[in-house]
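Trainee: I would like to work through this structure from the overall fold down to single residues. Can we take it one question at a time?

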Amino acid sequence: MRDLLAQREQAEKNRLAEALDADIKRWSSGKQGNLRALLSTLQYILGPDSGWQPVTLTEIVTAAAVKKAYRKATLCVHPDKLQQRGASLQQKYICEKVFDLLKEAWNRFSAEEK
C-alpha cells in the first residue's frame with residue numbers, strides 16, 4: 001500500500017517536473033550563483049501564497065543583509081518546513097529546486113566573502 005502511494009507520488013512529481021522545470025529555468029536564467037539576484041526575484045517563482053516577503057536589491061547590499069535574507073528564504077523553501085505546512089506537491093517541487101539553487105549560490109557567495 002505504501003509502495004503504491006510512493007509510486008503515485010513519484011509519477012505525479014515526474015509529470016510536474018516537465019511542466020515546472022521550464023519555469024524554474026526561466027526564473028534562474030542568468031542568475032546562477034548570484035545570490036542577490038535570486039533573492040530579489042524569489043517572489044516571481046514562489047508565488048503570493050508562499051509566505052515570502054519580497055526584498056529589493058537595495059535592501060541586500062551588505063553581506064549581513066544578504067545573510068539575513070538568505071536565512072529567511074531557506075526557512076520559506078526548506079523541505080522540512082513545507083512538510084509541516086502541508087504544501088502541495090507543486091509547491092514542494094518548486095521549493096526543492098529553489099532551495100538547491102539558493103544553497104549553491106550561498107556557497108559561492110560565502111566563498112567570495114572570505
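The questions below go from the whole chain to two residues.

Trainee: How many helices and strands are in the protein?
Mentor: Bear in mind that this is a predicted model. From the N terminus on, the elements run α-α-α-α-α-α. The count is six helices and zero strands.

Trainee: What share of the residues is buried?
Mentor: The C-alpha atoms fill a box of roughly 50 × 30 × 25 Å along the principal axes. The accessible surface comes to about 7,500 Å², and carbon and sulfur atoms hold 51% of that surface. Of the 114 residues in the protein, the buried share is 36%.

Trainee: Among contacts between residues at least 6 apart in sequence, what percentage joins residues at least 24 apart?
Mentor: A contact here means heavy atoms within 4.5 Å. With residues at least 6 apart taken as the base set, those joining residues at least 24 apart make up 62%.

Trainee: How far apart are the mean positions of the positive and negative charges?
Mentor: The protein has 19 positive and 14 negative charges. Taking the mean position of each set, the separation is 5 Å.

Trainee: Which residues does UniProt give for the feature "domain: J"?
Mentor: The annotation comes from an unreviewed UniProt entry. In the model, the annotated span is 72% helix and 0% strand, and its end C-alpha atoms lie 32 Å apart. The record places the feature at residues 50-114.

Trainee: Is Ser 50 buried or exposed?
Mentor: Ser 50 is in the loop between α3 (42-46) and α4 (63-77). Beyond four places in sequence, Ser 50 touches Cys 76 and Arg 85. The cut-off for burial is under 20% relative accessible area. Because its relative accessibility is 12%, Ser 50 counts as buried.

Trainee: Which backbone atom does the side chain of Ser 50 reach?
Mentor: A polar contact requires N or O atoms within 3.5 Å. The side chain of Ser 50 has its partner at 3.2 Å, and that partner is the backbone nitrogen of Trp 52.

Trainee: What is the C-alpha separation of Gln 43 and Pro 54?
Mentor: Gln 43 sits in helix α3. Outside four places in sequence, Gln 43 is in contact with Trp 52 and Pro 54. Gln 43 and Pro 54 are 11 residues apart along the chain, and their C-alpha atoms are separated by 5.9 Å.

Trainee: Which residue has its backbone oxygen 3.5 Å from a polar side-chain atom of Gln 43?
Mentor: The atom on the Gln 43 side belongs to the side chain, while the partner is a backbone oxygen. At 3.5 Å, that oxygen belongs to Ser 40.

Note on methods
Residues numbered from 1 in each chain as written. Predicted model: local features only at pLDDT ≥ 70, side-chain atom pairs only at ≥ 80, totals over all residues. Heavy atoms only, no water. Helix = DSSP H or I, 4+ residues; strand = E, 2+ residues; numbered from the N terminus. Buried < 20%, exposed > 50% of the residue type's maximum accessible area, 1.4 Å probe, protein only. Areas by Shrake-Rupley, 256 points an atom, 1.4 Å probe, with all protein chains shown as cover. Lys, Arg positive; Asp, Glu negative; His and termini not counted. Charge placed at Lys NZ, Arg CZ, Asp CG, Glu CD. UniProt positions renumbered as here; feature names shortened; annotations may be inferred. Polar contact = N/O pair within 3.5 Å; in protein donor to acceptor, adjacent residues only side chain to side chain.
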